[in-house]
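Please look over the sequence and the structure shown here, and then follow the explanation below, which starts with the chain as a whole and moves to its sheet.

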Amino acid sequence: MSLLEVDDVVVQFGGVTAVNHASFVAESGRVTGLIGPNGAGKTTCFNVISGLQKPTRGHVRFDGKGINHTPVHRRAKRGIGRTFQRLEAFGSLTVRDNVRVAYDIHRGVAGMVRPAAANIDALLERVGISQYAQERADSIPTGTARLLELARCLASEPKLLLLDEPSSGLDESETEAFGALLQDLAREGRGVLMVEHDMDLVMSVCDVIHVLDFGEVISSGEPADVRADKRVQNAYLGYSDDADADHTRTDLEAVHDTTLIPAVEAQA
Amino acid sequence: MSSFMSYTIFGLFSGAAYAIAASGLVLTYTTTRVFNIAHGAFGMVLSFVFWDFSVRQGLPLWLSLVLVLGVVAPLIGWFLQRFVVRGMGEGPVSVSLVVTVGLLVFCIGLATYVWPPEARSVPPFMPTSGIQLGDTYVTAHQIITILSSVVVAVLLYLLLTRTRIGTAMRASVDNPELLKLFGGRPDRVAALSWAIGISLAALSGILLVSVVGLDYYALTLLVVNAYAAAMLGRLKSLPLTFLGAMALGLLTSYSAGYLPPDGWLNDLRNVIAPLFLFLVIVAMPQAQLRVGQVKGIVSAPLPSLGKALGWGAALLIFTALLTGNLSTANLLLVGTAATYAMVMLSLVLLTGYGGHVSLAQFTFAGVGALAYAKLDEPNLYGLLVSALIAAGVGALVALPVLRLTGLYLALSTLAFAVLMDKLVFQADFAFGFNGTLQARRLSILGTSITSTGGYVLVMTVFLVLMSLFLLFLRRGVLGRVLIAMRDSPAACGTLGLDMRWFRVALFGLSAGMAGLAGGLFAGLRGTIGANDFQFFQSLPLLLLAVVFGVTSVTGATLGGIGLMLLPVLQSNYPSLAGLMLVIIGFGAVLLARDPNGLANLMFKIGRFLEARFAPQLLAKLPVLPGRGSILDEVDEDPLDASFDHNQEVPAHVAP
Amino acid sequence: MSIPILEVVDLHAAYGRIEVLRGVNLSVPKGAVMALLGPNGGGKSTLTKIISGQKKPTSGDIHLGGVNVRDAGSEELARLGLCTVPEGRSVFPNLSVEENLTLMSYAGVSVEAVLETAFAYFPRLLERRLQLAGTLSGGEQQMLAMSRALASDPALLLLDELSMGLAPLIVDELYDTVAQIAESGVSILCIEQFARTALRVSDYAAVMTGGRIVATGEPAEIMETMSDVILGGAA
């Protein structure tokens with residue numbers, strides 16, 4: 001039984017299908033990547049899992065139980081935490097208080113009585129933003145704010161972390177540290193599901209990758225396999241499928257075929 | 001049968017007038033996302049203008065009509081869109097609410113100033129004509145009104161579907177950015193819709209004025225009917241809006257005709273519209289959580305507890321000095337200021353920290369006062385129970401609209417306030433129609449406080465305690481969670497917070513604070529009635545709170561003094577009474593975009609001065625006492641408080 | 001050497017403190033089709049927003065047909081002859097097909113002419129003229145969006161992620177239309193994540209990543225760079 005099972009989920013906005021019969025899983029102790037071109041339906045999937053968006057069809061199961069009708073805050077209580085692509089930090093509060101609020105909410109009445117000060121500082125330290133602790137959250141750089149959202153999310157002790165483009169806004173060395181942190185977080189038993197555009201990061205930290213295109217999962221597997229998957233390259237580089245490619249083959253594509261494949265193999 | 005017919009005709013007549021107003025409201029709301037609370041107020045002002053043209057200046061009727069509907073109203077609409085509400089639709093709904101409440105108060109002030117109270121009347125159109133329909137006589141005015149609504153409906157339909165600019169209006173509802181890429185001008189489209197909207201408000205006002213009379217408030221509030229009708233169409237659908245308006249007109253007319261003339265059912269006829277509004281709002285679907293918030297809203301600094309205590313003590317000592325020297329009349333004023341300041345503190349909690357706009361805060365104070373007078377337990381226990389009753393009522397208002405936020409929540413408080421004003425407060429079991437109740441002054445631990453000076457001091461103690469409580473709250477878990485909820489509801493939800501119950505508790509607590517103030521106020525005055533807690537008073541209260549700063553305790557205290565001074569200035573300079581409202585309304589329109597208000601501006605100036613002149617200032621401080629007023633006294637508070645806050649940051653960090 | 005139809009000079013832009021464009025230089029020759037490629041988050045969308053007047057740059061200049069249009073609003077640009085087809089749904093879903101077409105006349109061509117051109121190119125739109133645009137299929141919606149480019153005879157056509165969320169066959173069809181428009185002499189800047197279809201019709205290509213243009217050239221040369229940039233640096 002997987003920690004999270006997304007089963008045949010469909011989301012339609014008006015006439016547009018954002019998620020089209022998507023099915024994938026995320027396991028505890030693993031970093032799972034969810035990748036795909038712009039508009040492939042990744043953030044919509046996150047909204048469905050965290051409860052901000054009702055699916056038109058399909059089921060989401062968490063810890064073996066269906067959560068389709070569970071409201072947002074109960075899903076959080078059950079252990080689904082998330083960050084946002086468009087930042088949702090509490091801008092009026094300090095960085096430290098952002099995390100503190102998360103603790104307060106998570107611990108409910110108990111937290112209202114005795115806030116866990118030590119834990120907060122440890123968390124800030126862990127994601128590497130303790131030097132910003134006293135800054136207002138709307139005054140810190142985006143990359144830092146994303147780390148803050150991660151810290152805030154961790155404060156609610158989730159079993160599953162949904163991270164929406166967590167590394168955008170981070171520089172190279174920060175991204176590297178962040179990758180290591182993600183693997184640690186997973187090794188401690190959490191499930192991590194991440195939407196990310198930095199392919200270096202995805203390929204190096206993810207245990208499993210699912211590729212979405214047109215709202216459909218077109219490929220799943222280990223990084224090397226996904227990288228070598230013809231359909232994935234097509235999705236990113238705009239091939240329709242082999243038959244169609246043959247049908248409109250040009251010299252240009254021949255050039256492309258020969259240059260792309262060796263590059264991928266070198267990495268694998 | 002004939003009476004049924006005439007009720008129907010009257011219902012259709014008023015329904016038609018509501019429909020005209022409501023379609024204007026829907027038009028402006030859909031194209032610019034700004035809900036114009038002042039829609040009716042503009043109808044009222046323009047009815048006065050119409051009176052001025054046609055009766056006072058004696059212009060021909062048709063010319064006055066053309067001038068008002070074709071020139072003055074569109075100009076006002078254009079001006080509003082261009083300079084007041086532009087770009088406000090994308091901002092937080094609390095800002096546009098406060099601004100349009102500001103416009104409402106502005107309009108009432110303007111009307112009172114330009115056309116001071118005197119007997120005026122506007123005759124119906126073609127007063128001598130009419131037709132006999134069976135047993136029923138239908139006046140020409142009624143026919144004209146019903147026909148006007150049909151013409152308005154047809155013209156709006158043609159405009160919106162058959163012309164390019166009308167199509168652009170509908171397009172800009174969907175996506176104004178895309179319209180720009182097409183080469184359309186959303187601003188021009190919005191200006192046109194405001195021009196038409198205000199014109200329709202004027203038409204509706206002019207058609208109703210011969211029935212309702214030229215009254216500042218009646219015409220303004222008649223628009224609650226338009227809100228109700230517009231809400232039935234979800235503020236989107238014009239056909240449903242027309243349907244809602246007609247249904248409401250008929251319902252009001254039938255209830256006037258058929259409800260028994262005595263008992264509570266009789267009172268019910270006055271509140272059909274707010275009741276209708278409330279029910280329609282309750283039936284609204286779940287609001288979506290907003291995503292994409294980055295900038296924090298609350299930026300007033302938080303004083304340290306020590307400093308807050310110090311300034312609280314200073315305020316107490318100052319009041320104590322005052323009580324020794326002031327006449328009873330002036331002491332009553334100080335007590336009133338303390339009451340208002342306390343009610344504003346309840347707004348700091350609800351609006352400043354919580355981000356919800358309440359248009360019924362004074363009504364909650366009224367509930368507290370009523371409970372206090374009825375309980376007749378002039379002691380701390382009685383006061384506490386009164387506050388609890390007000391809190392319960394506040395929670396009850398929030399309960400049915402648990403799922404809603406922003407505009408709908410605010411409108412439901414408006415409906416509630418009107419209901420209380422017209423139905424409950426005037427009922428026999430409450431204050432009674434134009435009646436009053438006696439309330440005795442509080443006794444604390446067996447010591448009764450009879451002198452006005454002593455009582456005012458006790459009120460100040462409560463004010464200080466309430467401020468400290470609020471600062472304590474803001475500093476603690478609840479305050480942080482509140483502000484977090486205001487900044488990002490979506491994040492709070494995904495962190496596990498059930499915001500619905502939190503919101504109910506927040507409304508309850510805030511209403512309880514207002515209720516406590518109301519109870520104390522009842523004791524101060526000794527005699528209180530429904531007139532002390534009129535619905536309209538909540539509006540300047542909200543505006544002054546925002547102008548002075550609804551995110552800080554200092555702002556609330558200053559606002560309380562300001563609101564107390566308002567009637568004083570009005571009675572001292574009656575000719576300027578309207579002007580005061582004009583200024584407040586205008587101030588709110590100017591300052592609403594920053595809920596931190598004047599208080600925060602002072603904090604900023606304070607910090608700047610502190611940085612430059614701190615040593616000299618501190619050296620001179622002991623020389624200052626003796627000079628001045630409360631204003632001076634409080635003025636210094638934020639300056640020091642904020643300075644202190646900055647210094648104390650390291651201590652705050654320590655676990 | 002004639003003046004390029006679009007010239008972007010040392011353009012910088014930021015969201016809050018995050019700089020997303022760090023000195024973009026780009027020039028589209030008159031009558032040419034240029035494809036702007038690159039991964040998500042590379043700054044393509046921001047550049048489109050700035051060229052179309054939806055966002056203000058922090059510094060730098062934009063010339064459209066030799067005129068500096070840095071401070072022009074998007075509706076002015078539209079009336080000057082820039083036709084922007086933004087990413088995603090670029091039609092008004094609650095208006096009928098005919099009403100959508102009516103609004104396209106703002107760019108300076110009469111309503112009748114717009115309708116005529118659109119229905120001549122896409123007879124399917126004629127069949128659905130009274131249907132709400134939101135109820136059309138994705139491909140039909142893009143046809144409707146492209147009608148504006150066809151009917152308004154723009155000086156520059158700016159296409160942002162035309163193929164997003166569409167089936168490959170429909171994308172091919174749309175690019176056939178783009179090619180037709182290009183043949184009529186219209187200059188086109190076409191922003192795409194999917195390289196192949198865009199490159200098929202373009203004369204030049206540029207690659208954008210990290211807020212800069214990192215390569216420009218003939219489509220064939222660019223293809224090499226693309227595979228690296230998109231699938232995450234093979235080195």
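In this predicted model, contacts in chain C between residues at least 6 apart in sequence join, in 69% of cases, residues at least 24 apart. The secondary structure of chain C amounts to 9 helices and 10 strands, and 54% of its 235 residues count as buried.

A good place to begin is strand 7 of chain C, residues 156-160, where 5 of the 5 residues are buried, so the strand is largely enclosed by the rest of the structure. From this strand C:L156, C:L158 and C:D160 point one way while C:L157 and C:L159 point the other way, and all of them are buried. On one hand, strand 7 runs parallel to strand 6 (residues 82-85) of chain C, to which 4 bridges join it, with C:L157 serving as the bridge partner of C:C83. Strand 7 also runs parallel to strand 8 (residues 187-192) of chain C, through 5 bridges, and here C:L159 has C:C190 as its bridge partner.

These strands belong to an open sheet of 6 strands in chain C, ordered 6-7-8-3-9-10, with mixed pairing. Strand 6 and strand 10 (212-217) of chain C stand at the edges, and because each has a single partner strand, one side of each is left without a neighbour in the sheet. From one strand to the next, the twist averages 15 degrees.

Helix 1 (residues 44-51) of chain C packs on the sheet, touching strand 3 (33-37), strand 7, strand 8 and strand 9 (204-209), and its direction makes about 145 degrees with that of strand 7. Helix 6 (residues 138-151) of chain C also packs on the sheet, where it touches strand 6 and strand 7, its direction making about 170 degrees with that of strand 6.

Technical notes. Residues numbered from 1 in each chain as written. Chains lettered and ligands numbered in written order. Predicted model: local features only at pLDDT ≥ 70, side-chain atom pairs only at ≥ 80, totals over all residues. Helix = DSSP H or I, 4+ residues; strand = E, 2+ residues; numbered from the N terminus. Buried ≥ 20, exposed ≤ 12 C-beta atoms within 10 Å, placed from the backbone. Contact = placed C-beta atoms within 7 Å. Pairing = 2+ DSSP bridges. Axes fitted to C-alpha atoms, helices over the stretch in contact; angles between N-to-C directions.
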